[in-house]
Amino acid sequence: MKKITIAIDGFSSTGKSTLAKQLAKELEYVYVDTGAMYRAVAYFAMQKKLIGTDFFDKKSLIEALPKIQLEFRFNGDLGFAEMYLNGENVEKQIRTIEVSSFVSKVAEVSEVRAKLVEQQQEMGTNKAIVMDGRDIGTVVFPNAELKIFMTASAETRAQRRFDELQQKGDNVSYEEVLKNVVERDYIDTHREDSPLVIADDAIEIDNSYLNKEEQFAAVLELVNDVVKID
């Protein structure tokens, strides 16, 4: 069977990671959550007091980049890889609303993007990979055989994210999550370096009214068309 590169881009909380994990499991491909990489850098900046609600020491973060080591380690019990920052499992820490509020600002920094894009491109050298993020089909893998762009209304995405955080026990309001979603949308689409845009050859999927199973079935059909599986 032909091995391909699958690039999944889109707005925050559109279920990119869920879909990417489903595809990787079905196809036995490597899955890379690039959002986790940017979240880990944002978490590092928070821990080092380089970013806050009213400040961001970009210069110090750039200088600290060589000291940031990111690694995905597969967790057999969970069935997916977790993010490690300098040898520490930070999978839970990077999924908080606090990290979400800073990650788009960190991702704006060109030096951060350059470091992570280089790592991401190395991961995809041998294809058979599913990668999701904001610039996978436009910057990281512009020649990917299949590009998906996922979208949904801000309200729908905020509700999904709110429900997810509530299940984890996070004490947040829907209004707070919606505000975060809207702010991230603006930053992601307006940054100078690799803004969130749909690639010319990407297939756009609005999943506002699709469940996970319907979405997976639709995209798997697209994959099969590309690899010509009977």
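**Entry 1. The antiparallel sheet**

I began with β5 and β6 (residues 80–85), which are joined by six bridges and run antiparallel. The model is a predicted one, in which local features need pLDDT of at least 70, side-chain atom pairs count only at pLDDT 80 or more, and totals for chains, interfaces and linings use all residues. Residues are numbered from 1 along each chain as its sequence is written, and side-chain values use heavy atoms, with hydrogens and water left out.

For the terms, I took helices (H or I, at least four residues) and strands (E, at least two) as DSSP runs numbered from the N terminus. I counted two strands as paired if DSSP finds at least two bridges between them.

I looked up a residue pair within this pairing and found that Met83 in β6 is the bridge partner of Phe72. I then traced the sheet as a whole: it is open, has three strands and follows the order β5-β6-β7, with antiparallel pairing. Its edge strands, β5 (70–75) and β7 (88–89), each pair on one side only.

I next checked what lies across this sheet. Helix α2 (residues 34–47) lies across β5 and β6, and runs at about 25° to β6. For this angle, axes are lines fitted to C-alpha atoms, for helices over the stretch in contact, and angles run from 0 to 180 degrees between N-to-C directions.

**Entry 2. Strand β8 and its parallel partners**

I turned to β8 (129–133). β1 pairs with β8 in the parallel sense over five bridges, and Asp9 stands opposite Gly133 of β8. Strand β2 (residues 30–33) also runs parallel to β8, joined by four bridges; here Tyr31 stands opposite Val130.

Is β8 covered on one face or on both? Both faces are covered, with Ile129, Met131 and Gly133 buried on one side and Val130 and Asp132 buried on the other. I used buried for under 20% relative accessible area, exposed for over 50%, and partly exposed for values in between (1.4 Å probe, protein chains only).

**Entry 3. Salt bridges**

How many salt bridges does a search of the whole structure find? The search returned 13, a salt bridge being a side-chain nitrogen of Lys or Arg within 4 Å of a carboxyl oxygen of Asp or Glu. I examined three of them.

In the bridge between Glu91 and Arg95, the closest N and O atoms are 2.8 Å apart. Glu91 is buried at 12% relative accessible area, and Arg95 is likewise counted as buried at 18%. I also noted that Asp33, Glu91 and Arg95 are linked in a network of salt bridges.

For Asp188 and Arg134, the closest N and O atoms are 2.9 Å apart. Asp188 lies in helix α8 (residues 174–190) and Arg134 in the loop between β8 and α6 (136–140), so this pair ties together parts that are 54 residues apart in sequence. Both Asp188 and Arg134 are buried.

For Glu164 and Arg161, the closest N and O atoms are 2.6 Å apart. Both residues lie in helix α7 (residues 154–167), three residues apart, which is about one turn of the helix. Glu164 is partly exposed at 35% relative accessibility, whereas Arg161 is buried at 8%.

**Entry 4. The annotated residues and Thr151**

I consulted the UniProt record, an unreviewed entry, whose "binding site" annotation covers residues including Gly10, Ser12, Lys16 and Ser17. UniProt positions are given in the numbering used here, feature names are shortened, and annotations may be inferred rather than shown by experiment.

Ser12 sits in the loop between β1 (5–10) and α1 (16–27) and is buried, with a relative accessible area of 2%. Beyond its neighbours within four places in sequence, Ser12 is in contact (heavy atoms within 4.5 Å) with Arg134, Arg157, Val181, Arg184 and Asp185. Arg134 is thus a contact of Ser12 and also the salt-bridge partner of Asp188.

Ser17 belongs to helix α1 and is partly exposed at 22% relative accessibility. With neighbours within four places in sequence left aside, its contacts are Tyr31, Asp33 and Asp132.

I closed with Thr151, in strand β9 (residues 146–151), which counts as buried at 13% relative accessibility. Not counting residues up to four places away in sequence, Thr151 touches Phe11, Thr14, Glu204, Ile205, Asp206, Asn207 and Ser208. Phe11 and Thr14 are among the residues that the UniProt annotation covers.
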